[in-house]
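Me: I am in my first year and would like to work through a structure by asking questions about it. Could you answer each one step by step?

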Amino acid sequence: MKELIALPLLALILILQTAIISNISLLGGYADLMLVALSAWALQDDVETSWHWAIFGGILVGSVSALPWYIPVIGYLLTVALARFMVKRIWQAPILAIFVLVFLGTLTTHFLSITALRISGSPLSIADALSTVTLPSLFINLFLALPAYPIFRDLAVWVYDIEDVQ
Amino acid sequence: MKSSFSRSLQTTIIFLVVGGILALALGGYFSPTSDFLGTSFISAQTWVSYRFLTIRDFFNAPSDIVSLQQRNGQLEAEVSGLQTQVIQLQQQLTDTQVLAALVDFSQTNPESVYKAASVIGRDPSPFLHYIIINSGSSDGLRRGMPVVTNQGLIGRIDAVIANAARVQLITDPTSAVNVRLQNADTDAVLVGSTTGDLNLEMISQDVEVQEGDVVLTSGLGGNYPSDLLVGQLFNLRTRDYELFQQASVQSAVDFSRLEIVLVIMNFNPIDIAPLTPEETP
């Protein structure tokens, strides 16, 4: 039952993203709070609902953004898939794992966004997009990843009543 | 009888002596002595009084500290409340100034009907330049309606729900606005970019344009009404081997600080897509 916390929490993250985070930009890029949250959640060992979170978070972002709705869904699902893959291999170093995951997740979602915009006819310069949007976004996302992991660790402990050994 | 007389005599003598001493003292004959006694008395009184006050303060101080702390807390709460009020009033003042500017704008452009809306968010994707406003179809907003501020054009409504709408800014990379240069009297196309810069394309090589020329909407294409201020031309790039000249446009609108916008309600965008000839394979 506690797993339903995902609904208000992801809605709150979306509100924070659109109202605050999207206004705090570095060059042309800004943080993807939903991606960071989903990455931190999916990296927790005992979490079983990360796929559901990714779909719900992706639909929420897709419903607000002018991007095609399925782009954030696919991007977040790929990020969660990567996280579940990593949990079984480098889980002993969670900080390293979250950094790697956020790095790759940001690149994945941005690659999907650029591809979708190019297909839809947007004259997007890939070089400009990478230098003015993706790189600054990567930097901010990695900065946010550090506090995100322990916060979602605590959330996982609360949701699944697990013994926190870290 | 004799003893009674002698007691009365003694009493009388004592009164006379005391009275005499007082008279001498009042007459100033005992000044050194009375000064010494007075000073000693006052010193003793001061010492006792001081010790008494110190002891009384010692016993009363805790209650005073508690009451002072309570009072201090009340005052601090009052100060923070007043500070909050000041911030709210400053915000209201800013909103009022923005609204006053928008009212001025609507009064100077009476041909349009405006609906004011607050900006409540931005697109989560950094590749796109969209804002979200707090008015929607229940307020009469429809897709395609132009959105302006008192400083000029900012975009048009891209999607609408009951109580909110998404506005595509003219800085969006997929935005294209037909404009004209007021001084040169020629048409061009204004396009956005990932970085939010505005670029002017399709300026004919034959036309002489200058930096500082005012850029207005032309109304061609039916997406925007004509003669809305867009900005000023700068950084003109003319190359002989290219078909068209290019330039950058400096908008008067600060797109990063949009708070309140005006939707032009009485403009119906025209969809000319059916008139566009289809490509045949």
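Reply: What follows is a set of questions and answers about this model, which is a predicted one.

Me: Into which domains is chain B divided, and how many Å separate their C-alpha centres?

Reply: The domain assignment of chain B gives two stretches, with domain 1 covering residues 2–59 and domain 2 covering residues 114–268. Taking the C-alpha centre of domain 1 of chain B and that of domain 2 of chain B, the distance between them comes to 101 Å.

Me: In what order do the strands of the closed barrel that contains strand 12 of chain B run?

Reply: This barrel of chain B is closed and has 6 strands, paired in the antiparallel sense. Neighbouring strands of this sheet are turned against each other by 45° on average, with direction ignored. One of its pairings is that of strand 3 (residues 146–149) with strand 12 (residues 260–264) of chain B, which are joined by 2 bridges. Read around the barrel, the order of the strands is 1-2-5-4-3-12.

Me: Which residue of strand 12 of chain B is the bridge partner of B:Val147?

Reply: B:Val147 belongs to the largest nonpolar core, which has 51 residues, and B:Val147 is among the four members that touch the most other members. Leaving aside residues up to four places away in sequence, B:Val147 touches several residues, including B:Ile154, B:Val167 and B:Val261. Its bridge partner in strand 12 of chain B is B:Val263.

Me: How many residues are in the second, separate core?

Reply: The largest nonpolar core, with 51 residues, has B:Ile154 and B:Leu190 among the members that touch the most others. The second core is separate and includes residues of chain A, among them A:Leu10, A:Met86, A:Leu101 and A:Val159, and its number of residues is 37.

Me: Which strand of chain B gives the most residues to the side of chain B that touches chain A?

Reply: The contact between the two chains takes 19 residues from chain B and 25 residues from chain A. On the chain B side, at least two residues each come from strand 1 (114–122), strand 2 (130–133) and strand 5 (165–169). By class, this side of chain B has 8 nonpolar, 7 polar and 4 charged residues. The strand that gives the most to this side, with 3 residues, is strand 1.

Me: In the closed barrel of chain B that contains strand 6, by how many degrees are neighbouring strands turned on average?

Reply: This closed barrel has 6 strands in the order 6-7-8-11-10-9, with antiparallel pairing. Within the barrel, strand 6 (residues 176–181) and strand 7 (residues 186–191) of chain B pair over 6 bridges, and B:Val177 has B:Leu190 in strand 7 as its bridge partner. With direction ignored, the average turn between neighbouring strands of this sheet is 40°.

Me: Along strand 9 of chain B, which residues are buried?

Reply: Strand 9 (residues 214–217) of chain B has side chains that alternate between two faces. B:Val214 and B:Leu216 point to one face and are not buried, and B:Leu216 stands opposite B:Arg180. The residues that point to the other face and are buried are B:Val215 and B:Thr217.

Me: Which residue of strand 10 of chain B is the bridge partner of B:Val215?

Reply: Strand 9 of chain B is joined to strand 6 of chain B by 3 bridges, in the antiparallel sense. Strand 9 also pairs with strand 10 (residues 229–237) of chain B, again antiparallel and over 3 bridges. In strand 10, the partner of B:Val215 is B:Gly231.

Me: Why does B:Asp227 count as partly exposed?

Reply: B:Asp227 is placed in the loop between strand 9 and strand 10 of chain B, and its phi is near 70°, a positive value in a residue other than glycine. Most residues other than glycine have a negative phi. A residue is partly exposed when its count of other C-beta atoms within 10 Å falls between 12 or fewer, which is exposed, and 20 or more, which is buried. B:Asp227 is partly exposed because that count is 13.

Me: Through how many residues does the hairpin join strand 10 of chain B to strand 11 of chain B?

Reply: Strand 10 of chain B contains B:Asn235, whose phi, near 55°, is also positive. Strand 10 pairs with strand 11 (residues 244–250) of chain B in the antiparallel sense over 4 bridges, and B:Gln232 has B:Gln250 as its bridge partner in strand 11. The number of residues through which the hairpin joins these strands is 6.

Conventions: Residues numbered from 1 in each chain as written. Chains lettered and ligands numbered in written order. Predicted model: local features only at pLDDT ≥ 70, side-chain atom pairs only at ≥ 80, totals over all residues. Pairing = 2+ DSSP bridges. Axes fitted to C-alpha atoms, helices over the stretch in contact; angles between N-to-C directions. Contact = placed C-beta atoms within 7 Å. Nonpolar A, V, L, I, M, F, W, Y, C, P; charged D, E, K, R; others polar. Core = buried A, V, L, I, M, F, W, Y, C linked by C-beta atoms within 7 Å. Domains from an automatic or database assignment.
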